[in-house]
Amino acid sequence: MGVLETGVLLNWDETKRYADHIRRHGINQFINLFHKVKNNTYPHFKWGDEV
């Protein structure tokens with residue numbers, strides 16, 4: 001992930017067109033990441049701790 005420096009925000013009606021795509025790819029990304037790190041031990045690692 002990165003910082004969005006330039007661009008135009010979509011309004012809600014425009015965003016709804018992409019909701020299924022975002023949902024599907026977000027789930028796939030989560031599953032792939034989970035399988036990648038499921039056997040690792042990170043005592044300080046917590047899901048959602050991306051800050």
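Where does F34 sit? In this predicted model, the place of F34 is in helix α2, which covers residues 19–37. That helix is a handy place to start, since several of the features described here involve its residues.

Take the aromatic rings to begin with. The structure holds one aromatic pair. The partners are F30 and F34, and because their ring centres are 6.5 Å apart and their planes meet at 20 degrees, the pair is stacked. Both residues belong to helix α2, and they are four residues apart, or about one turn of the helix. How much of each residue is left uncovered? F30 has a relative accessible area of 44%, so F30 is partly exposed. F34 has a value of 35% and therefore also falls in the partly exposed class, as that class runs between the 20% limit for buried and the 50% limit for exposed.

The two phenylalanines turn up again on the surface. Together with I27 and I31, F30 and F34 form a nonpolar patch there. Added up, the four residues of this patch have about 360 Å² of accessible area. So the stacked rings of F30 and F34 are also part of a greasy-sounding but simply nonpolar stretch of surface.

Now for the charged side chains. Side chains of opposite charge can pair when their charged atoms come close. How many salt bridges does the model have? The count comes to two.

One of them is back in helix α2, where D20 and R23 lie three residues apart, about one turn of the helix. D20 forms a salt bridge with R23, and the closest N and O atoms are 2.9 Å apart. This falls within the 4 Å cut-off, so the contact counts as a salt bridge. As for R23, its relative accessible area is 48%, which means that R23 is partly exposed.

The other salt bridge joins D13 to K16, with 3.5 Å between the closest N and O atoms. Here the setting is helix α1, residues 12–16, and once more the partners are three residues apart, about one turn of the helix. Is D13 buried or exposed? With a relative accessible area of 53%, D13 is exposed, because anything over 50% is placed in that class. K16, at 46% relative accessibility, counts as partly exposed.

Put side by side, helix α2 holds the stacked pair F30 and F34 as well as the D20 and R23 salt bridge, while helix α1 holds the bridge between D13 and K16.

How values were computed
Residues are numbered from 1 along each chain as its sequence is written. This is a predicted model: local features need pLDDT of at least 70, side-chain atom pairs count only at pLDDT 80 or more; totals for chains, interfaces and linings use all residues. Side-chain values use heavy atoms; hydrogens and water are left out. Patches are made of residues with over 30% relative accessible area and no salt bridge: like charges are joined within 9 Å, nonpolar side chains (Val, Leu, Ile, Met, Phe, Trp, Tyr) within 5 Å. Accessible areas come from the Shrake-Rupley method with a 1.4 Å probe; for residues, only the protein chains shown count as cover. A salt bridge is a side-chain nitrogen of Lys or Arg within 4 Å of a carboxyl oxygen of Asp or Glu. Helices (H or I, at least four residues) and strands (E, at least two) are DSSP runs, numbered from the N terminus. Buried means under 20% relative accessible area, exposed over 50%, partly exposed in between (1.4 Å probe, protein chains only). Rings of Phe, Tyr and Trp (its six-membered ring) pair if their centres lie within 6.5 Å; planes under 30 degrees apart count as stacked, over 60 as edge-to-face and the rest as tilted.
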